[in-house]
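User: Please take a close look at the salt bridges of this model, one part at a time, and then place them among the strands and helices around them. Give the cut-offs as you go.

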Amino acid sequence: MPKFIRIDMATKTVKTEECPEQYAGLAGRGLTSIFVSNEVKPSCHPLGKYNKLILAPGYLTGTSAANSGRLSCGAKSPLTGGIKESNTGGTFGQKMSKMDIKAMVFEGIPAEDKFYVVKVTMDGVTFDEAPAETIGMGNYEAIKVLQAKYGPKVGVAIIGPAGEMRLTAANISFADPQSNIRSAGRGGLGAVMGSKKIKAIVIDEAGAPGVTIANTDAFKSASKRFTNALVTHPVTGQGLPKYGTNVLVNILNEAGGLPTKNFRTGRNEWANNIGGETMAATIEARGGKTTHGCHAGCIIRCSQHYNDKEGKYLTSGFEYETVWALGANACVDDLDAIAYADREFDDVGVDSIETAVAVGVAMEAGIIPWGDAKAMLDLILEIRKGTPLGRILGCGAGAVGQMYGLTRVPVVKNQAIPAYDPRAVKGVGLTYATTPMGADHTAGYAVATNILKVGGFVDPLGKEGQVELSRNLQIATAAVDSTGMCLFVAFAILDIADGFNALVEMINARYHLSLTGADVVALGKTILKAERDFNKRAGFTNAHDRLPEFFEEECAPHNVTWNFTDEEVDEVFNF
């Protein structure tokens, strides 16, 4: 039977049990969110003893299915004060599934002021004091130290200096197959892990039974059809593998939805300097990799290896949202400077969206000048040093705005708004406003239908159809986040019906079930209702489902405003 492991850091005790009945049919985000809703006190301090951190692979994580390598992490967020699920690639989730571990839960806080490495093997869970040299060390080097100690192929989940300092934008970083870094970035879950004095979790699947499939023939057949949908769709089969997510810079700039200078306008004249096409050409010229998977079995391969001018590896997972925030939003057109900043975010262990948007707010405050790449890098390095300004920056855009008395602060539920202006891409604006997670484009990626015309087309500048679009995508996303699949498979399954059917059939074949598409929708609704219920008990109301007032200003070039009434916004969760 799948193992449900509870690890009490206060007592250093471990309880391994069969999965509790109320969680038996859940996985990924469905499991993390239902668990947090059931077992975490909504009123608790996120860094206190009553919060719990749960890691759970998805239904298909670790199978041979394409793109099935995601892991969900859940807790009460120290950034938003509400529920949080953040998911990641890397090797960790696949190893959990191969070991038949349904979930790992970390609770309690040690009395002693020292950090630990929690080691998980087929023989059980043990606790080691973290190697002294890893304390304060960046993630890249710390992963090397841990893999030298525990084995070169172990999976590693780790916090950097930001997590040790419990900064509310701290992430949990995971080693990918090349021992580079993937992160469960949003919501400050690295601070939760740091509060429990866990420097790292090391997982070794030696001797593991592997993932079992109830009906192998049916699984193989469905998997082949699912793969075909991914490779034939123009977004997952062509655009993302060739240019990565940063292909969106020029697309959004042309659409007038690329937020520039802290959301003052939706277009600029130099976007191509930081766009995906320029990035790909730069990578090729320097001998890097233009396409790369963040976990075994990825066939979309939207990641990359970005090298510096000397041809030395600098960063990977160099995403559109980070490039946008440090580029267009901060008025920096130096792709190398943005890449150095991205590496620093990964190394120190902070969310590269939250902290990059905070840089723009710092420019708004006059701390550093707009467009000054050197000042930007110097400011970011303050986080590692733990200076007062560095700690403020490492607590996100809302913290910077609050400390400097600003009103032009792009956050919802204190989480930074990313990469798409909600006035010019109205569907995603509704997602930002209403998702229980705080502003999060991945919670209901209406950009797909508003801009890319995936899953149909809804005019991004108009109001008609946006409420239904955001609602349906949030429901679907909650379900997809439970499968263990990369969210980008949604592009293909929205347009190719057989791709969606094959995804459901793979789950059925894996577990000997008979789920239908209607069951998938019902699962998504159940997850969202649990998340909303937790937030309600934590003190959230509909008044928190609102965009900042400055979005009432016109956004060039279309001169559109955020013009939804409160009543219209509240209709998103009317189901």
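Analyst: K463 is partly exposed, with a relative accessibility of 29%; here buried means under 20% relative accessible area, exposed over 50%, and partly exposed in between (1.4 Å probe, protein chains only). The model is predicted, so local features need pLDDT of at least 70 and side-chain atom pairs count only at pLDDT 80 or more, while totals for chains, interfaces and linings use all residues. Residues are numbered from 1 along each chain as its sequence is written, and side-chain values use heavy atoms, with hydrogens and water left out.

The side chain of K463 meets that of E568 in a salt bridge of 2.9 Å, N to O. A salt bridge is a side-chain nitrogen of Lys or Arg within 4 Å of a carboxyl oxygen of Asp or Glu. E568 belongs to helix α22 and K463 to the loop between α17 (447–450) and α18 (466–483), so the pair ties together parts 105 residues apart in sequence. Helices (H or I, at least four residues) and strands (E, at least two) are DSSP runs, numbered from the N terminus. E568 is also partly exposed, at a relative accessible area of 27%. Salt bridges with shared partners join R6, K15, E17, E39, K52 and E107 into one network. Within it, K15 and E17 meet at 3.6 Å, N to O. Over the whole structure the search finds 32 salt bridges.

The loop that leads into α22 (566–570) from α21 (517–537) contains P557. The peptide bond from A556 to P557 is cis, with omega near 10 degrees.

Another salt bridge joins the side chains of E129 and K114, at 3.7 Å, N to O. E129 lies in strand β8 and K114 in the loop between β6 and β7, so this pair links parts 15 residues apart in sequence. K114 is partly exposed, with a relative accessible area of 31%.

Strand β8 takes part in an open sheet of six strands, ordered β8-β7-β12-β9-β10-β11, with mixed pairing. Two strands pair if DSSP finds at least two bridges between them. β8 (124–129) and β11 (181–184) stand at the edges with a single partner strand each, so one side of each has no neighbour in the sheet. From one strand to the next the twist averages 20 degrees; axes are lines fitted to C-alpha atoms, for helices over the stretch in contact, and angles run from 0 to 180 degrees between N-to-C directions. β7 (residues 116–121) pairs with β12 (residues 198–203) in the parallel sense over five bridges, and V117 stands opposite A200 in β12. Helix α3 (residues 139–150) packs on this sheet and touches β7, β8, β9 (155–158), β10 (172–175), β11 and β12; contact means heavy atoms within 4.5 Å. The direction of α3 makes about 140 degrees with that of β9.

On the other side of the K114 loop, β6 (residues 101–107) pairs with β3 in the antiparallel sense over three bridges. The bridge partner of L55 in β6 is M104. β3 also pairs with β4 (residues 71–76), antiparallel over four bridges, where I54 stands opposite G74. Five of the five residues of β3 (residues 53–57) are buried, so the strand is largely enclosed by the rest of the structure. Its two faces are both covered, with L53, L55 and P57 on one side and I54 and A56 on the other.

Helix α7 (residues 234–243) has V235, T236, L240 and P241 as its buried residues. Seen down the axis of α7, they fall within an arc of 145 degrees and so line one face; the arc is that of the directions from the helix axis to the C-beta atoms. Their cover includes α6 (216–232), β13 (289–292) and α19 (489–495). The face turned away carries the exposed residues Q238 and K242. After α7 comes G244, with a positive phi near 70 degrees.

Two lysines also have positive phi. K261, in the loop between α8 (248–255) and α9 (276–285), has phi near 55 degrees and is partly exposed at 33%. K413, in the loop between β16 (411–412) and β17 (415–416), has phi near 55 degrees but counts as buried at 11% relative accessibility.
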